[in-house]
Amino acid sequence: MKATEVVLPAAGEPESLELRVRELPKPGPGQALVRVEASGVTFAEQQMRRGKYYDMPKFPFVPGYDLVGVVEELGSGQSAHVAVGQRVAALTKTGGWAGHALLDAADLVAVPEGITAAEAETLVTNGATAWRMLFRTAKTRSGDTVLVHGANGGVGSVLVQLARSSGIHVIGTASARNQEAVAAMGATPVDYRGDVAARVRELAPGGVAAVFDHVGGKGIDDSWRMLAPGGTLVSYGSASTRDQAGSGTVAVLKLIAKLAVRNALPNGRSACFFNLWAGKARRPERYRAELRKDLTMIFELLRSGTIETRIDRVYPLREAAAALRHAESGTAVGKVVIAPGAGQAE
């Protein structure tokens with residue numbers, strides 16, 4: 001069948017994205033053909049178009065870190081957890097900005113009824129990242145106090161909601177205009193442009209159980225100092241280097257090295273760089289089982305109303321460049337979603 005997809009041909013501005021149509025083969029053993037209903041714009045695509053994402057593929061390729069869609073056809077040898085006609089979600093790293101995608105069926109996670117494709121999409125990357133950092137990496141518990149940088153952002157807002165629903169106290173950094181939204185989620189807002197460390201010391205004199213930091217850069221030292229004894233610093237990005245010249249890989253490696261030095265200090269605190277894909281190559285079955293469990297739990301929390309999603313704007317596939325440009329503008333409030341749309345030629 002013919003599939004429409006967006007291609008990033010080389011490093012360049014969002015307007016360099018190209019729309020193409022190519023022939024997709026029928027799904028082979030263990031594969032599924034998925035009609036994509038929604039994908040999204042993440043920090044990964046913003047770095048990839050600059051050629052700076054630390055483990056990106058070679059150009060050209062189809063961006064799209066995750067997707068939600070409907071299974072249209074299955075190859076032979078399928079597991080029982082997916083069926084034709086079922087809405088599913090998948091982490092893809094690339095390939096989501098397309099009308100159809102050919103995926104390993106084992107990587108698909110069922111999306112329960114009562115959740116739209118766009119709603120589910122907002123929680124695939126963001127939800128899995130937040131859940132794993134909070135409960136699998138930092139192992140936070142009810143009664144803990146944590147600091148979430150960028151509490152109004154994609155991952156940050158999910159972190160806040162998951163933590164609050166589990167009885168965890170949250171201090172969340174945000175701009176002045178977003179502090180009301182952070183407070184509405186149940187967190188204590190702190191202006192990131194002020195003296196964050198001093199304010200955190202007032203709110204948590206003994207330090208916090210965990211800090212979730214997507215910014216990196218020099219601020220990682222402040223994040224470390226705000227930890228309580230036994231606390232965990234979870235770094236999951238280097239947003240501070242987005243517009244800087246140079247290799248994204250080098251920036252991440254420098255950050256990991258800095259965290260390793262902190263982690264070696266004999267003070268009971270720990271630091272790590274969170275990688276959503278860690279473990280998939282070494283233990284693929286375990287990775288898939290845990291991801292399926294985590295996303296299923298997150299989707300149920302969404303369906304029950306325990307957590308909410310925020311969709312800023314939905315763009316058709318042919319307007320992927322505008323979607324990427326808007327996501328990078330800093331004005332989006334919620335997830336920027338790309339959907340092929342019913343009128344898109346496939």
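Here are a few exercises, with worked solutions, on the predicted model shown above.

**Exercise 1. Work out whether the protein chain is as compact as a globular protein of its length.**

Start with the make-up of the fold: the protein chain has 10 helices and 15 strands. Next, compare two values: the radius of gyration is 20 Å, close to the 20 Å that the globule rule gives for 346 residues, so the chain is as compact as a globular protein of that length. Then look at the extent of the C-alpha trace, which spans about 60 × 40 × 40 Å along its principal axes. Finally, turn to the contacts: among those with a separation of 6 or more, 68% are between residues 24 or more positions apart.

**Exercise 2. Find the residues that touch the most other members of the largest nonpolar core, and the helix that gives the most to this core.**

Begin with burial in general: buried residues make up 51% of the 346 residues in the chain. The largest nonpolar core has 70 residues, of which Trp97, Leu159, Phe212 and Phe299 touch the most other members. Helix α9 (residues 284–304) gives the most to this core, with 7 residues. Another core, of 19 residues, lies apart from it and includes Val196, Ala197, Val211 and Leu227. Now zoom in on Phe212: leaving aside residues up to four places away in sequence, its contacts include Met133, Leu134, Leu159 and Tyr236.

**Exercise 3. Decide whether Thr129 is buried or exposed, and list what it touches.**

First place the residue: Thr129 is found in helix α3 (residues 125–137). The cut-off for buried is under 20% relative accessible area; Thr129 has 7% relative accessibility, so it counts as buried. Not counting residues up to four places away in sequence, Thr129 touches Val155, Tyr236, Phe274 and Leu276.

**Exercise 4. Examine the backbone at Pro60, Lys93 and Lys139, and say where each residue lies.**

Keep the usual pattern in mind: most residues other than glycine have a negative phi, and most peptide bonds are trans.

- Pro60 lies in the loop between α1 (43–48) and β4 (66–74). A cis peptide bond joins Phe59 and Pro60, with omega about -10°.
- Lys93 sits in the loop between β5 (87–91) and β6 (100–104). Its phi is positive, near 65°. At 17% relative accessibility, Lys93 counts as buried.
- Lys139 is in the loop between α3 and β8 (145–148). Its phi is also positive, about 50°. With a relative accessible area of 55%, Lys139 is exposed.

To finish, set the two lysines side by side: Lys93 is buried, whereas Lys139 is exposed.

How values were computed
Residues numbered from 1 in each chain as written. Predicted model: local features only at pLDDT ≥ 70, side-chain atom pairs only at ≥ 80, totals over all residues. Heavy atoms only, no water. Helix = DSSP H or I, 4+ residues; strand = E, 2+ residues; numbered from the N terminus. Rg over C-alpha atoms; globule rule 2.2 N^0.38 Å. Buried < 20%, exposed > 50% of the residue type's maximum accessible area, 1.4 Å probe, protein only. Contact = heavy atoms within 4.5 Å. Core = buried A, V, L, I, M, F, W, Y, C linked by side-chain atoms within 4.5 Å.
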